[in-house]
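Please work through the exercises below with the sequence and the coordinates at hand. Each task is followed by a worked solution.

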Amino acid sequence: MRFFIHNARWAFAALVLLCGCSRAPDRVAGGDDYPNGVKPLAKHAAQERSDSSQWNPYQEAPTHPAGLYDSTAVPDSVPQAQAPTASDTFTVSIDSFSGHILQVHIRHTDSLRSVDSIVYQPGLGGSLIIRVASFTHNFTTGLENRYDYEDGDGDGFLSIRSQALNIAMIHLVTVLPSGTRVEKDVRLEAGADLNFNLHGDNRLLALETRTISGSDTLSRMVFQDVDGDGALFNPLRDSNQVDVMQKTRDPVSASQTTLSYRIMAFPDFIRNYPVRYHRVLTNPGGTEEVSALGGDSLPDFSAGDSGYAVVLLTPPTTDTLSQSHSVYRVLLANTAGRFQDNRLLSVDRIKTFRLGEESGLHFHLEPSTPVPPGGFARTGALTTRLDFKNGEWIQLQGEAATAEIFGVITNSQGRHGSVHIDFTGQVKSASGF
């Protein structure tokens, strides 16, 4: 998405809608006439200047998503079979065709049942593991955990330290008491030392997580390499660029959220910071799309950028409002990731209306001083234009103070004059028309 918003007042100079109002003239105290539409224009001006809470989505972006830094021990030796006890059972069997040996260890207590199995190939230089699996059910908590470790480099064995490459495929599943399954697929490279259990040089090659209830996928998160080195995360690099796509669905509220973001990931995750962020929320109340953009409205943002936060709201077809398009010009902090130091420079908003006499609204506010996070753009230079479906328009240009708005009214009929509005949108006085 690219927005040509170099001029803060672009919406008012470039878009001229042929609209108007059919209402009877409004009046103020004293009986003076003033143009049609002043009251609704005043209401909109007061309302829009207090609606800028979403201007800093940069700080919403996650910086160390779950799983990126996880490490897991990969078995690389065959455990010795033990004599069975009252709660333990060991079995060993041989596949007559391949010669592979299957060793199974079953343990059962009042609170736990576990089944660990390993398939390996015996040899003169030592046994080579082919596959490892584990299942545990905790009767106290109701949790089940399953682990599968398999070859990921095509040599048929889970781990061979004499080979030039050592990659494992790991599948992890947790089953909650409700039956919901949390799954994770990992592709892990052992690094130059070919030892998975020395984590200092292990490279994370692929990662995907899912949460599934029955046949319904409630969430899915997929990681992608951006650097082009084939790894999502390499601890030997000073930094790694990683893209994350995440979809989450809530069947109770009938809502769905899609996140896509890019992070700079470092061995010390405290240094991490995002460089892209996009969110789409859909529910019965409509669709909200949020983008945090950099200079020239490009997807990537960086420290010191004069960036743009864009919020696009599309209500249901039964709503009076058809669409709201807000653009916030933001000065990003000079230090990467310190989005709490961002400052809001201006607000531009365009609304279109499906129902009623009004067809469109253009609003621009440029605060007299940049606004810090948590603040609203309520004072400064203000322009508001309201368009009507009968072809007329009316515009207010002036200054917003803490509790009031002063400005000049012009309309499509050539009338103009001054107006004074309080913070609730009530017209306190008008003159010069």
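The exercises that follow concern a predicted model and treat aromatic pairs, charges over rings, pockets and one loop residue.

**Exercise 1.** Classify the geometry of the ring pair formed by tyrosine 69 and phenylalanine 269, and place the two residues in the fold.

*Solution.* Step 1: a search of the whole structure yields six aromatic pairs. Step 2: in the pair of tyrosine 69 and phenylalanine 269, the ring centres are 5.8 Å apart and the planes meet at 65 degrees. Planes over 60 degrees apart count as edge-to-face, so the pair is edge-to-face. Step 3: tyrosine 69 belongs to the loop between helix H2 (38-48) and strand E3 (88-94), while phenylalanine 269 belongs to the loop between strand E13 (255-265) and strand E14 (273-283); the pair therefore ties together parts that are 200 residues apart in sequence. Step 4: tyrosine 69 has a relative accessible area of 27% and is partly exposed; phenylalanine 269, at 37%, also counts as partly exposed.

**Exercise 2.** Identify which aromatic residues have an arginine over the ring face.

*Solution.* Step 1: phenylalanine 376 has arginine 378 over its face, at 4.4 Å from the ring centre. Step 2: tryptophan 393 has arginine 385 over its face, at 4.4 Å from the ring centre.

**Exercise 3.** Describe the largest pocket and the second largest pocket by volume and lining.

*Solution.* Step 1: the volume of the largest pocket is about 260 Å³. Its lining comprises 15 residues, of which Ser260, Arg276, Tyr277, His278 and Pro299 are the closest to the centre. Step 2: strand E12 (240-250), E13, E14 and strand E15 (286-293) each give two or more residues to this lining. By class, eight lining residues are nonpolar, four polar and three charged. Step 3: the second largest pocket holds about 210 Å³ of space. Among the residues that line it are Leu68, Tyr69, Asp70, His199 and Phe233; its lining divides into six nonpolar, five polar and one charged. Tyr69 thus appears both in this lining and in the edge-to-face pair of Exercise 1.

**Exercise 4.** Is serine 127 buried, partly exposed or exposed, and which residues does serine 127 touch?

*Solution.* Step 1: serine 127 is located in the loop between strand E5 (112-121) and strand E6 (128-138). Step 2: its relative accessible area is 34%, and serine 127 is partly exposed. Step 3: leaving aside residues up to four places away in sequence, serine 127 touches Val78, Tyr120, Gln121 and Pro122.

Technical notes:
Residues numbered from 1 in each chain as written. Predicted model: local features only at pLDDT ≥ 70, side-chain atom pairs only at ≥ 80, totals over all residues. Heavy atoms only, no water. Phe/Tyr/Trp six-rings, centres within 6.5 Å; stacked < 30°, edge-to-face > 60°. Helix = DSSP H or I, 4+ residues; strand = E, 2+ residues; numbered from the N terminus. Buried < 20%, exposed > 50% of the residue type's maximum accessible area, 1.4 Å probe, protein only. Lys NZ or Arg CZ within 6 Å of the ring centre and 35° of its normal. 1 Å grid on protein atoms, 1.4 Å probe; cavity = no way out; pocket = protein on both sides within 12 Å on 5 of 7 lines; lining within 4 Å. Points joined across faces, edges and corners; volume = space filled by probe spheres on them. Nonpolar A, V, L, I, M, F, W, Y, C, P; charged D, E, K, R; others polar. Contact = heavy atoms within 4.5 Å.
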